[in-house]
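Hi everyone, thanks for coming. I'll walk you through one structure today, piece by piece, so please keep the picture in view while I talk.

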2 protein chains.
Amino acid sequence: MRRGLEFKKKARIIIVDDNYEHLSGIKELIEIESDFDVVATATSASVAISLIKKYRPEIVLMDINMPEKDGLTAIAEIEKLDLGVRIIALTGYDDPDLIFRAMKIGAKGYILKTMASAQLIYAIDEVAAGKIYLPAALSSRFFEYFQKSFKEETQDLSDEENLLNYLTQREEEVLDLLTQGITYKGVAQKLFISETTVKTHVNNIFQKLQVNDRTQAVLYALNNGFLNRRKVKIAI
Amino acid sequence: MRRGLEFKKKARIIIVDDNYEHLSGIKELIEIESDFDVVATATSASVAISLIKKYRPEIVLMDINMPEKDGLTAIAEIEKLDLGVRIIALTGYDDPDLIFRAMKIGAKGYILKTMASAQLIYAIDEVAAGKIYLPAALSSRFFEYFQKSFKEETQDLSDEENLLNYLTQREEEVLDLLTQGITYKGVAQKLFISETTVKTHVNNIFQKLQVNDRTQAVLYALNNGFLNRRKVKIAI
DNA sequence: GAAGATTTAGACCAGATGGTTTAGAAAAGT
DNA sequence: ACTTTTCTAAACCATCTGGTCTAAATCTTC
């Protein structure tokens with residue numbers, strides 16, 4: 001079988017699936033239909049991790065519906081090892097949340113068990129070639145979920161509702177320093193003003209944000225896009 | 001031209017591009033090669049927004065490289081109107097950051113001006129049919145950028161380095177309440193313990209996290225994945 | 001069952017924080 | 001020029017917060 005990989009060595013693969021039948025099926029398929037080298041298989045995530053450390057494969061096919069330790073956690077752990085292993089998630093469900101989480105933690109591909117075997121081989125080819133492979137149908141699901149997440153989480157407040165927009169420039173500066181956990185004294189020094197002035201600003205901030213203390217003010221700022229003006233930040 | 005849309009009315013389209021030549025070209029292409037109805041065109045984002053409010057098109061083709069008001073901001077504003085308009089971003093560059101931001105704010109498709117005209121029509125077809133369309137090449141770029149963002153922003157600390165992992169269960173509960181901006185008194189009531197006990201816990205938390213006050217503790221918790229254990233959150 | 005960790009709770013104190021009022025100077029807007 | 005907003009600053013006071021020490025009850029763990 002030639003699939004345009006003549007230019008490099010056979011990629012080594014480890015397959016992980018708690019269902020032994022299925023595991024054997026995939027193993028055979030890959031051995032017969034592709035140029036890849038199945039160096040090991042595992043029926044549990046923890047065994048898989050040991051094997052990966054030992055064999056350092058290029059590719060891991062990981063079933064993410066397993067008892068004991070679930071596949072997503074396993075993927076996260078493997079990614080954390082930073083061995084350059086490229087993981088393809090394998091599952092029966094096209095649940096958008098699963099797809100999203102898998103891609104988020106670093107899976108380089110995601111395919112359904114129900115898909116044709118040729119597609120599995122194709123996915124491995126693509127991922128081995130350094131690409132990310134997500135079938136069109138799953139890609140759609142991913143994007144819908146992705147956009148929905150953002151719509152829900154970002155700026156649920158209009159400009160008028162976002163009380164941060166009523167702060168003056170100086171108040172923003174003060175709040176900025178508060179969000180860094182700096183005391184009144186520290187703020188005063190940084191802004192070259194007296195401590196009592198800082199207090200005045202802070203009190204005005206509290207009133208404008210309708211909160212009672214600095215922690216709440218910081219939380220309000222963080223939750224309503226205060227930092228976003230400076231930096232694009234993505235938190236899990 | 002029949003493209004499998006016989007079952008529904010001709011979708012109305014507005015095209016936005018500051019380059020008039022290009023605008024006309026696309027308009028003609030769509031009128032000749034597709035079943036869609038170009039109800040208006042605009043050469044600036046602000047005009048486009050008025051037209052969109054007036055015509056309520058199903059689809060908007062938006063060039064995102066424009067002077068004056070940039071296309072991304074325009075997309076965000078249109079999405080905010082929540083008119084059900086499906087926007088396809090159009091640009092000359094396959095800059096992953098642009099792609100990521102466009103998809104993040106709700107673009108339903110993203111195509112390059114350099115792509116074949118048939119692909120443009122195909123993209124419109126797909127998006128009009130309710131799907132999200134991203135050519136494979138751009139999809140790859142998107143995912144690489146997406147995963148890179150997550151890798152950078154999430155958990156830069158190992159388990160041993162993350163001081164949150166040294167907190168006891170009770171301390172976590174207390175910190176959890178602190179991250180909601182609750183006072184000692186409030187925490188005491190919620191946990192049915194005395195205020196002095198809360199203080200003890202808080203002091204232990206400070207020492208373990210190596211911080212001096214509650215704000216810093218909250219910031220540490222927020223920046224090091226404390227909330228992540230409960231909820232998947234995405235902030236811009 | 002002994003050793004260690006966790007949770008509970010008190011006392012004492014210094015200093016930080018927050019609420020309120022007042023007020024002058026500077027800047028911005030009309 | 002006049003008004004409004006913003007930035008500056010002080011005084012006063014109550015409360016909250018944080019640091020330190022001590023210590024008992026309860027859970028774990030070996």
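Let's start at DNA strand D, where α9(A) gives the most to the nearby surface, with 5 residues. When I say near, I mean that a residue has a heavy atom within 4 Å of the strand. Helix and strand names come from DSSP runs (H or I, at least four residues, for helices; E, at least two, for strands), numbered from the N terminus.

Before I go on, some housekeeping: this is a predicted model, so local features need pLDDT of at least 70 and side-chain atom pairs count only at pLDDT 80 or more, while totals for chains, interfaces and linings use all residues. Residues are numbered from 1 along each chain as its sequence is written, chains are lettered from A and ligands numbered from 1 in the order in which they are written, and side-chain values use heavy atoms, leaving out hydrogens and water.

Back to strand D. How many residues surround DNA strand D? There are 19, and the closest are T168(A), R170(A), S194(A), Y184(B) and K199(B). Sorted by class, the surface near DNA strand D has 3 nonpolar, 10 polar and 6 charged residues. For those classes, Ala, Val, Leu, Ile, Met, Phe, Trp, Tyr, Cys and Pro are nonpolar, Asp, Glu, Lys and Arg are charged, and the others, Gly among them, are polar.

Which part of the DNA do the atoms belong to? Of the atoms of DNA strand D within 4 Å of the protein, 69% are sugar or phosphate, and the rest are from bases.

Now some polar contacts, meaning pairs of N or O atoms within 3.5 Å; within protein, one must be able to donate a hydrogen and the other to accept it, and residues adjacent in sequence count only if both atoms are side-chain atoms. K199(B) has a polar side-chain atom 2.7 Å from a base oxygen of DNA strand D. T200(A) puts a polar side-chain atom 3.3 Å from a base nitrogen of that strand. N203(B) goes for the backbone of the DNA instead, with a polar side-chain atom 3.0 Å from a phosphate oxygen of DNA strand D. The elements giving two or more residues to this surface are α7 (169-178) and α9 of chain A, plus α8 (184-191) and α9 of chain B.

Next, DNA strand C. It has 19 residues around it, and the closest are Y184(A), K199(A), T168(B), R170(B) and S194(B). Sugar and phosphate make up 67% of the strand C atoms that come within 4 Å of the protein. Here α9(B) supplies the largest share of the surface, 5 residues.

What do the phosphates of strand C meet? R170(B) has a polar side-chain atom 2.7 Å from a phosphate oxygen of DNA strand C, and K185(A) has one 3.3 Å from a phosphate oxygen. With S194(B) it's a polar backbone atom, 2.6 Å from a phosphate oxygen of strand C.

Let's leave the DNA and look at strand β3 (residues 59-63) of chain B. Is it buried or exposed? Buried means under 20% relative accessible area, exposed over 50%, and partly exposed in between (1.4 Å probe, protein chains only). All of it is buried: 5 of the 5 residues, so β3(B) is largely enclosed by the rest of the structure. In a regular strand, side chains alternate between the two faces of the sheet. In β3(B), I59(B), L61(B) and D63(B) point one way, and V60(B) and M62(B) the other.

Strands pair if DSSP finds at least two bridges between them. β1 (residues 12-16) of chain B runs parallel to β3(B), joined by 4 bridges, and I14(B) sits opposite V60(B). β4 (residues 86-91) of chain B also pairs with β3(B) in the parallel sense, over 5 bridges, with R86(B) as the bridge partner of I59(B).

Last stop, chain A. This chain has 10 helices and 5 strands, and 49% of its 236 residues count as buried. One detail is T179(A), in the loop between α7 and α8. T179(A) counts as buried because its relative accessibility is 8%. A polar atom of the T179(A) side chain lies 2.5 Å from the backbone oxygen of D176(A).

That's my tour, so over to you for questions.
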